[in-house]
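Biologist: Hi! I'm new to this one, so could you walk me through it?

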Amino acid sequence: MDFRNVDTVLMLDQKDASAQEEAMNQIQETSYLQTARALADAHRQADPNTTLIFLNPDPAEQEVRLLEVSTAAPTSGELYPFSFAARPDLGINYPSVVLLLSHQEWTDLQQGNLQLPDGWTIDRLEKL
């Protein structure tokens, strides 16, 4: 985890609460994206058949949402999100939700034949 911005927060004058809050938000934003990348890397290592991983950013940054495409995933024709609790003891400070898709399901999703869960949108997918 990158703590380069922590010194900035600690050195801010206590009277300047808005600047301190802004610096803390920058740390949280970085931490959210770093968590998503760390999870994606771990999932690639666990499943070398994973060919694509996308982040579907939660606007409130309350959970990390990953869409993963793997040649090892079965094609069911339905998308089942798997939820995981945050694990601060492992450096994972956000709960996560993973959608594991086969290549056929990924194609079907792109063609509009499958729908993402509520709150997810294909237009916001960011490749990791």
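Modeller: Happy to; we can go from the overall layout to the pocket, the surface, the salt bridges and a few loops.

Biologist: Great. What kind of model is it?

Modeller: It is a predicted model.

Biologist: And how many helices and strands are there in the chain?

Modeller: The chain has three helices and five strands. Starting at the N terminus, they come in the order α-α-β-β-β-β-α-β.

Biologist: How much of the chain counts as buried?

Modeller: The chain has 128 residues, and 34% of them count as buried.

Biologist: Let's talk pockets. What volume does the largest pocket have?

Modeller: Its volume is about 220 Å³. The elements giving two or more residues to its lining are α2 (17-46), β3 and β4 (96-101).

Biologist: Which element gives the most?

Modeller: That is β4, with three residues in the lining.

Biologist: Which residues line the largest pocket?

Modeller: Among them are Leu-39, His-43, Glu-68, Phe-82, Phe-84, Arg-87, Tyr-94 and Leu-100. By type, the lining divides into eight nonpolar residues, two polar and two charged.

Biologist: You mentioned His-43. Where does His-43 lie?

Modeller: His-43 is part of helix α2. Its relative accessibility is 23%, so His-43 counts as partly exposed. The C-alpha atom of His-43 is 9.0 Å from that of Ile-53, and the two residues are 10 apart along the chain.

Biologist: Moving to the surface, which residues form a nonpolar patch there?

Modeller: Tyr-80, Phe-82, Phe-84 and Leu-100 do, and together they have about 420 Å² of accessible area. Some of these names should sound familiar: Phe-82, Phe-84 and Leu-100 are also among the residues lining the largest pocket.

Biologist: Where is Tyr-80 found?

Modeller: Tyr-80 sits in the loop that runs between β2 (64-70) and β3 (81-84).

Biologist: Why does Tyr-80 count as partly exposed?

Modeller: Because its relative accessible area is 48%, and partly exposed covers the range between the 20% and 50% cut-offs.

Biologist: What else is found in the loop between β2 and β3?

Modeller: Thr-71 is one of the residues there. Thr-71 has a relative accessibility of 52%, so it counts as exposed. In sequence Thr-71 and Gln-104 are 33 residues apart, while their C-alpha atoms are 9.3 Å apart in space.

Biologist: New topic: how many salt bridges does the count come to?

Modeller: The count comes to four. One of them joins the side chains of Asp-41 and Arg-44, at 3.7 Å from N to O.

Biologist: Where do Asp-41 and Arg-44 lie?

Modeller: Both are in helix α2, three residues apart, which is about one turn of the helix. Asp-41 is partly exposed because its relative accessibility is 44%, and Arg-44 is partly exposed with a relative accessible area of 28%.

Biologist: Are Arg-65 and Asp-58 buried or exposed?

Modeller: Both are buried. Arg-65 and Asp-58 form a salt bridge too, with 3.6 Å between their closest N and O atoms. They also belong to a network of salt bridges that links Asp-58, Glu-63 and Arg-65.

Biologist: What about Asp-89: which residue does Asp-89 form a salt bridge with?

Modeller: Its partner is Arg-87, and the closest N and O atoms are 2.6 Å apart. Asp-89 is exposed, with a relative accessible area of 56%, whereas Arg-87 counts as partly exposed at 40% relative accessibility. Arg-87 also appears in the lining of the largest pocket.

Biologist: Last topic, the loop between β1 (50-55) and β2. What is the phi of Glu-61?

Modeller: Glu-61, which is found in that loop, has a phi near 50°, a positive value in a residue other than glycine. Most residues other than glycine have a negative phi.

Biologist: And where is the place of Pro-59?

Modeller: Pro-59 is also in the loop between β1 and β2. Pro-59 is exposed because its relative accessible area is 68%. Its C-alpha atom is separated by 9.4 Å from that of Gly-119, although the two residues are 60 apart along the chain.

Biologist: Thanks, that gives me plenty to look at!

Definitions and conventions. Residues numbered from 1 in each chain as written. Predicted model: local features only at pLDDT ≥ 70, side-chain atom pairs only at ≥ 80, totals over all residues. Heavy atoms only, no water. Patch = residues over 30% accessible without salt bridge, like charges linked within 9 Å, V, L, I, M, F, W, Y side chains within 5 Å. Areas by Shrake-Rupley, 256 points an atom, 1.4 Å probe, with all protein chains shown as cover. Helix = DSSP H or I, 4+ residues; strand = E, 2+ residues; numbered from the N terminus. Buried < 20%, exposed > 50% of the residue type's maximum accessible area, 1.4 Å probe, protein only. 1 Å grid on protein atoms, 1.4 Å probe; cavity = no way out; pocket = protein on both sides within 12 Å on 5 of 7 lines; lining within 4 Å. Points joined across faces, edges and corners; volume = space filled by probe spheres on them. Nonpolar A, V, L, I, M, F, W, Y, C, P; charged D, E, K, R; others polar.
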